[in-house]
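Colleague: Could you take me through this model and tell me what stands behind the terms you use?
Modeller: Gladly; here it is.

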Amino acid sequence: MLPDLFADERRDATLGPDAGILGGFALDIADALIAEIRRMNADTPFRHMETRGGRRLSVAMFNCGALGWISDQSGYRYTAIDPETDAPWPALPPLFRDLAGRAAAALGFDGFVPDACLVNRYQPGTRLSLHQDMDERDKTAPIVSVSLGLPATFLWGGFQRGDRAARHRLVHGDVTVWGGRSRMIFHGIDALKDGFHPATGALRYNLTFRKAR
Ligand code: MD3
Ligand code: FE
């Protein structure tokens with residue numbers, strides 16, 4: 001798999017089996033992706049969800065697509081209705097769906113059609129501690145993520161929380177794809193460093209495309 005991954009100066013990298021970084025894969029449409037985030041955010045606020053234990057997530061989030069990931073006092077789950085607006089999540093923009101399908105196919109996952117897109121917003125200091133993505137019914141589908149704005153340090157762990165994590169830099173326009181044997185890897189984002197990016201200011205956005213059901 002991925003015979004040409006190190007073929008040129010692109011920052012593509014394999015992370016593990018069935019997982020890779022596609023350096024700059026979304027760079028040509030990054031401005032359009034950010035415009036879609038801002039358009040949807042006009043009606044659908046970013047919010048800091050709470051964990052079952054009552055802790056507030058430092059990442060702010062909203063969703064688009066048929067289903068959205070939420071966390072509250074009852075735990076984690078996917079819902080069709082945004083509990084904040086009592087309306088369906090905004091539709092998945094065709095540009096988003098097309099990008100996710102092309103990125104998945106680049107790693108050999110053909111026919112990926114996401115039904116959920118989590119939009120994460122990081123401010124300086126925001127972190128996402130090591131976790132597994134376990135709330136999706138179909139664990140055979142890959143997950144595609146898109147980094148926009150400020151750079152971040154991605155933590156790539158093992159199959160147990162205590163496993164030592166490798167660190168990878170993710171920058172504006174990078175796309176990552178995770179499936180197969182890497183689907184249940186512990187992963188996270190280190191505390192975001194202060195900075196300014198011309199496309200987003202002092203923010204990092206991450207789009208995470210999933211097949212939730
Ligand atoms: C590796 N988000 O929303 S995306 C998440 O940058 C999440 O906002 C991070 O982890 C972010 O759950 C990282 C990359 C990612 C997503 C899912 C994975 C990496 C993954 C699932 C399995 C292994
Ligand atoms: Fe995750």
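**Terms and values**

Colleague: Why is Asp-133 called buried?
Modeller: Asp-133 has a relative accessible area of 8%, and buried means under 20% (exposed is over 50%, partly exposed in between, with a 1.4 Å probe and protein chains only), so Asp-133 counts as buried. His-187 passes too, being buried at 15% relative accessibility. Do bear in mind that this is a predicted model, where local features need pLDDT of at least 70, side-chain atom pairs count only at pLDDT 80 or more, and totals for chains, interfaces and linings use all residues. Residues are numbered from 1 along each chain as its sequence is written, ligands are numbered from 1 and chains lettered from A in the order in which they are written, and side-chain values use heavy atoms, leaving out hydrogens and water.

Colleague: What makes His-131, Asp-133 and His-187 donor residues of the iron ion (ligand 2)?
Modeller: Their atoms NE2, OD and NE2 coordinate the iron ion at 2.0 to 2.3 Å. Donors are N, O and S atoms within 2.8 Å of the metal (3.2 Å for Na, K and Ca), so these atoms qualify. Water is not among the atoms, so the site may look incomplete.

Colleague: How are the donor residues spaced in sequence?
Modeller: The pattern is H-x1-D-x53-H. Asp-133 sits in the loop between β9 (128-131) and β10 (143-149), and His-187 in β14 (187-189), so the pair ties together parts 54 residues apart in sequence. Strands here are DSSP runs of E, at least two residues, numbered from the N terminus.

Note on methods
Helix = DSSP H or I, 4+ residues; strand = E, 2+ residues; numbered from the N terminus.
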